[in-house]
Amino acid sequence: MYVALADNYDITRAGMMYVCQGIDQTEMRRAEDKAELIEQLKAHPDAVVVLDYTLFDINDVEELEILYQRFPQVQWILFSVDLSSDFVRRVLAIAPRFSILLKESPLQEIRECLLFGQRHQRYICQRMAELLLAPQVNKVEEDVRLTPTEVEILKDIALGQTTKEIAEHRFSSFHTVNTHRKNIFRKIGVNNVHEATKYALRAGLVDSAEYYI
């Protein structure tokens, strides 16, 4: 099994390497960005991709569907800290080649998910399965309440600054800014930078003229 790891966290790479070492005939390689990932998939069209959707440079569900159409034999494992149930439902509707694994999952589930990927089978971790099976409640749309700090960080994100760059100019730690980022994404119901940027533009937090400079 060839595993392409599309995740920029050192701790995730180390953990995945440890798990893969326990699975026979498994080779894992990191993809630094989308272009490198595509090159790996050209060479290994039946790979298993472990993708942190919230941090990697893939914009939306439509782009995931394009990648699936281009590489129909690839098994995708979306491995992220937090994914909304609506987003997951849209992804699962694309094809049975998509699996869902949250980073809070125990080691046993992570290993099981990789073994399912090796057999080209779908896997959904226990926590996400519970969220998907929970009764759907019709909610009246409510105002999103971001703190002043979250608003400023969302503006920075929309203007293309990385978590590291935001931390440096705010004199904060990477961990602190990353925690704010996760809270922002959860509150506004998005899963990546592209969606967060569109929200910031719609909400008037960033001027479109400033965005396109």
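## Accessibility and the two sides of helix H3

A residue is called buried when its relative accessible area is under 20% and exposed when that value is over 50%. The structure described here is a predicted model. In helix H3, which spans residues 61–70, Val61, Glu63, Leu64 and Leu67 are buried. These residues lie on the same side of H3, because they cover an arc of only 160° around the axis. On the face turned away from that buried side, H3 carries the exposed residues Ile66 and Gln69.

An α-helix has 3.6 residues a turn, so residues three or four places apart point the same way. The cover over the buried residues of H3 includes helix H2 (34–43), strand E3 (48–51), E4, H4 and E5.

## The parallel sheet

Five strands make up an open sheet with parallel pairing, and their order is E2-E1-E3-E4-E5. The edges are occupied by E2 (27–30) and E5; each has a single partner strand, so one side of each is left without a neighbour in the sheet. On average, neighbouring strands of this sheet are turned by 20° against each other, direction ignored. Helix H3 packs on the sheet through contacts with E3, E4 and E5, and its direction makes about 150° with that of E4.

## Strand E5 and its link to E4

Is the edge strand E5 buried or exposed? Five of the five residues of E5 (residues 98–102) are buried, so this strand is largely enclosed by the rest of the structure. Both of its faces are covered: Phe98, Ile100 and Leu102 are buried on one side, and Ser99 and Leu101 are buried on the other.

E5 runs parallel to strand E4 (residues 75–80), and five bridges join the two. Within this pairing, Leu102 of E5 is the bridge partner of Ser80. Between the two strands the chain passes through helix H4 (residues 85–92), giving a right-handed β-α-β crossover.

## Nonpolar cores

In soluble globular proteins, nonpolar side chains tend to be buried together. In this model the largest nonpolar core has 49 residues, and those with the most contacts inside it are Leu37, Leu51, Leu64, Trp76, Leu78 and Phe87. Strand E1 (residues 2–6) supplies the largest share of this core, with five residues. Another core, of 16 residues, lies apart from it and has Ile153, Phe185, Ala200 and Val206 among its members.

Which residues does Leu51 touch, not counting those up to four places away in sequence? Its contacts are Ala6, Phe56, Ile58, Leu64, Trp76, Ile77, Leu78, Phe79 and Ser80. Leu64 thus appears among these contacts, and it is also one of the buried residues of H3.

## Two individual residues

Thr12 is part of helix H1 (residues 10–21). Its relative accessibility is 9%, so Thr12 counts as buried. When neighbours within four places in sequence are left aside, Thr12 is in contact with Leu5, Asp7, Phe79 and Lys103. Phe79 also touches Leu51.

Ile188 belongs to helix H9 (residues 174–188). With a relative accessible area of 10%, Ile188 is buried. Its C-alpha atom is separated by 34 Å from that of His120, and the two residues are 68 residues apart along the chain.

How values were computed: Residues numbered from 1 in each chain as written. Predicted model: local features only at pLDDT ≥ 70, side-chain atom pairs only at ≥ 80, totals over all residues. Heavy atoms only, no water. Buried < 20%, exposed > 50% of the residue type's maximum accessible area, 1.4 Å probe, protein only. Helix = DSSP H or I, 4+ residues; strand = E, 2+ residues; numbered from the N terminus. Pairing = 2+ DSSP bridges. Right-handed = clockwise from strand over helix to strand, strands pointing away. Contact = heavy atoms within 4.5 Å. Core = buried A, V, L, I, M, F, W, Y, C linked by side-chain atoms within 4.5 Å. Arc of directions from axis to C-beta. Axes fitted to C-alpha atoms, helices over the stretch in contact; angles between N-to-C directions.
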